[in-house]
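Biologist: Please take a close look at a single residue in this chain and at what surrounds it. I would like one connected account rather than a list.

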Amino acid sequence: MLSIFYGKMPEAIFNTSVYFKNAYEDSWITDPLAREMILAMSYLQFEF
């Protein structure tokens with residue numbers, strides 16, 4: 001669902017790229033389950 005808010009919102013995230021770089025945790029990628037999912041996705045073939 002898309003929500004649009006006007007005005008100042010200190011809790012809002014305007015630039016997701018910068019947010020991810022500043023809020024990144026190593027466990028997102030180094031966790032065994034995360035590594036397993038990343039490896040599984042890297043072997044998929046997509047057809048468009």
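Modeller: Leaving aside residues up to four places away in sequence, Ala 34 touches Trp 28 and Ile 29, where contact means heavy atoms within 4.5 Å. This is a predicted model, in which local features need pLDDT of at least 70 and side-chain atom pairs count only at pLDDT 80 or more, while totals for chains, interfaces and linings use all residues. Residues are numbered from 1 along each chain as its sequence is written, and side-chain values use heavy atoms, with hydrogens and water left out.

Ala 34 sits in helix α3, which covers residues 32–42; helices (H or I, at least four residues) and strands (E, at least two) are DSSP runs, numbered from the N terminus. Ala 34 counts as buried because its relative accessibility is 10%; buried means under 20% relative accessible area, exposed over 50%, and partly exposed in between, with a 1.4 Å probe and protein chains only. Of the 48 residues in the protein chain, 2% count as buried. Ile 38 also lies in helix α3, but at 43% relative accessibility Ile 38 counts as partly exposed.

Both contacts of Ala 34, Trp 28 and Ile 29, return in a nonpolar surface patch of about 470 Å², made by these two with Phe 20, Tyr 24 and Ile 38. Patches are made of residues with over 30% relative accessible area and no salt bridge (a side-chain nitrogen of Lys or Arg within 4 Å of a carboxyl oxygen of Asp or Glu); nonpolar side chains (Val, Leu, Ile, Met, Phe, Trp, Tyr) are joined within 5 Å, like charges within 9 Å. Accessible areas come from the Shrake-Rupley method with a 1.4 Å probe, and for residues only the protein chains shown count as cover.

As for the whole chain, it has three helices and zero strands. The C-alpha atoms of Ala 34 and Met 1, 33 residues apart along the chain, are separated by 27 Å. Mean pLDDT, the predictor's confidence in each residue from 0 to 100, is highest in α3, at 86, and lowest in helix α1 (residues 16–23), at 76.
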